[in-house]
Amino acid sequence: MTTSPAYAVVIPTVGRPCLARCLAALADSVGPGPREVVVVDDRPDARPPLDLAALGQLQGVARLLHSGGRGPAAARNAGWRAVSAPWVVFLDDDVRVTPAWRTKLEADLGGAPSNVGGVQGLLEVPLPADRRPTDWERNTAGLGGAWWATADMAYRTAVLSAVGGFDERFPRAFREDADLALRAMAAGWVLERGARVTRHPVRPSDPWVSLRQQAGNADDALMVRLHGRNWWQRAGAPRGRLRRHAAVTAAGAAAAVLALARRPGPSAAVGLGWALGTAEFAWARISTGPRTPREVAAMVVTSVAIPPLAVWHRLHGTWHHRGRQPLPAPARRGLAS
């Protein structure tokens, strides 16, 4: 038998149009409703006020808070600290829970043993059926296998309080969820996957989105500082291509230096290594995509720019976070039998 634990839903947002669809899907889902719905407006200037009418009958338990543009970690902290329910479910404003989500959430939370501190929802990313996905679509689809992603992640409120919530030194929607999960598990809590399903549509973007994503390499540097070099194994995160990016960047820089030193032979040899590394990276992205002229052009240009940009962000992050210390660790919880 399972019980029906009370829960709150916290949704950080910067006021994107997708928020209304997220709220409507939550309202339309069948099953026990949340005790509280907290929408946290993280716009620096929270005007005009956000419209929560899409929540329908759930408007009676809804609140709108403001976090002043300090990022999703700070917005989620403002949300969970304002609720009283024993469970907090974090949703991103660009997801849509499925019609049976609330019913399955009841089973996920009610069936969680006392040593389980968090239960993740299953994320589905709809991809085009009539063509290969673009690079951006494939990146978004990676959320389907991500561990502890707060696009749909429930935590016991007591766990959040014990570990201090999200670390607000993570400024982007990147790695702040992995950091929280590692701290919760280090404190003795178990995290598991549930049965509820949430859809995460691919947001529209421009051809240069992959360049902006490289800023996440600075957050990876913070993860190394806080959790050690093997953090990605414990968090179930992909290792990425940073080592290859560093090698390609070094080859390009060396070729330029040798050319300036008027050593054409060595410059050409090293430059060939840069060209081959860049071509391999570009083809890895092009070959699995739709191969339209627009996509191919974007992949060629960004494949040249990404390696040095990734290395720059990683070096900058390593320097910027050089003195960071982990948040104070709570007393390790004794696991229930």
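Arg262 is placed in the loop between α10 (242-260) and α11 (264-286), where helices (H or I, at least four residues) and strands (E, at least two) are DSSP runs numbered from the N terminus. The model is a predicted one, in which local features need pLDDT of at least 70 and side-chain atom pairs count only at pLDDT 80 or more, while totals for chains, interfaces and linings use all residues. Residues are numbered from 1 along each chain as its sequence is written, and side-chain values use heavy atoms, with hydrogens and water left out.

Although Arg262 is not a glycine, its phi is positive, at about 60°. Arg262 counts as exposed because its relative accessibility is 76%; the classes are buried, under 20% relative accessible area, exposed, over 50%, and partly exposed in between (1.4 Å probe, protein chains only). A positive phi, near 60°, is also found for Arg291, again a residue other than glycine. Arg291 belongs to the loop between α11 and α12, and with a relative accessible area of 42% it is partly exposed. A further backbone feature is the cis peptide bond that joins Arg47 and Pro48, with omega of about -5°. Pro48 is situated in the loop between β2 and β3 (62-66).

The strands form an open sheet. Eight strands take part, in the order β3-β2-β1-β4-β7-β6-β8-β5, and the pairing is mixed; two strands pair if DSSP finds at least two bridges between them. The edges are occupied by β3 and β5 (96-97), each of which has a single partner strand, so one side of each is left without a neighbour in the sheet. Strands β1 and β2 run parallel and are joined by six bridges. Within this pairing, Ile11 has Val39 of β2 as its bridge partner.

Strand β6 takes part in pairings of both senses. With strand β8 (residues 190-199) β6 runs parallel, through seven bridges, and Val119 is matched there with Glu192 of β8. With strand β7 (residues 152-156) the pairing of β6 is antiparallel and extends over three bridges; in this case Gly118 stands opposite Tyr155 of β7. Strand β6 is mostly covered, seven of its nine residues being buried.

In soluble globular proteins, nonpolar side chains tend to be buried together. In the present model, the largest nonpolar core comprises 29 residues, of which Tyr7, Leu26, Val89, Leu91 and Trp101 touch the most other members. Such a core is a set of buried Ala, Val, Leu, Ile, Met, Phe, Trp, Tyr and Cys residues joined through side-chain atoms within 4.5 Å. At least two residues of this core are supplied by each of β1 (7-13), α1 (18-28), β2 (36-41), β4 (87-91), α3 (101-110) and β6 (116-124). Helix α1 provides the largest share, five residues. Apart from this core lies another, of 24 residues, including Val38, Phe90, Met153 and Phe166.

The surroundings of Leu91 were examined in terms of contacts, defined by heavy atoms within 4.5 Å. With neighbours within four places in sequence left aside, Leu91 is in contact with Val9, Val10, Ile11, Pro12, Val97, Trp101, Thr150, Ala151 and Asp152.

Several helical residues were also characterised. Glu137, in helix α4 (residues 135-141), counts as buried because its relative accessibility is 11%. Residues up to four places away in sequence not being counted, Glu137 touches Leu127, Pro128, Arg131, Arg132 and Val202. Gly277 is located in helix α11 and, at 18% relative accessibility, also counts as buried. Its C-alpha atom is separated by 8.4 Å from that of Ala247, a residue 30 positions apart along the chain. Trp232 lies in helix α9 (residues 231-235) and, beyond residues up to four places away in sequence, touches Ala237 and Arg239. The C-alpha atoms of Trp232 and Ala218 are 14 Å apart in space, with their positions 14 residues apart in sequence.

On the surface, Trp208, Val300 and Val301 form a nonpolar patch with about 270 Å² of accessible area together. Patches are made of residues with over 30% relative accessible area and no salt bridge, like charges being joined within 9 Å and nonpolar side chains (Val, Leu, Ile, Met, Phe, Trp, Tyr) within 5 Å; a salt bridge is a side-chain nitrogen of Lys or Arg within 4 Å of a carboxyl oxygen of Asp or Glu. Accessible areas come from the Shrake-Rupley method with a 1.4 Å probe, and for residues only the protein chains shown count as cover. Val301 is part of helix α12 (residues 293-320) and, at 45% relative accessibility, counts as partly exposed.
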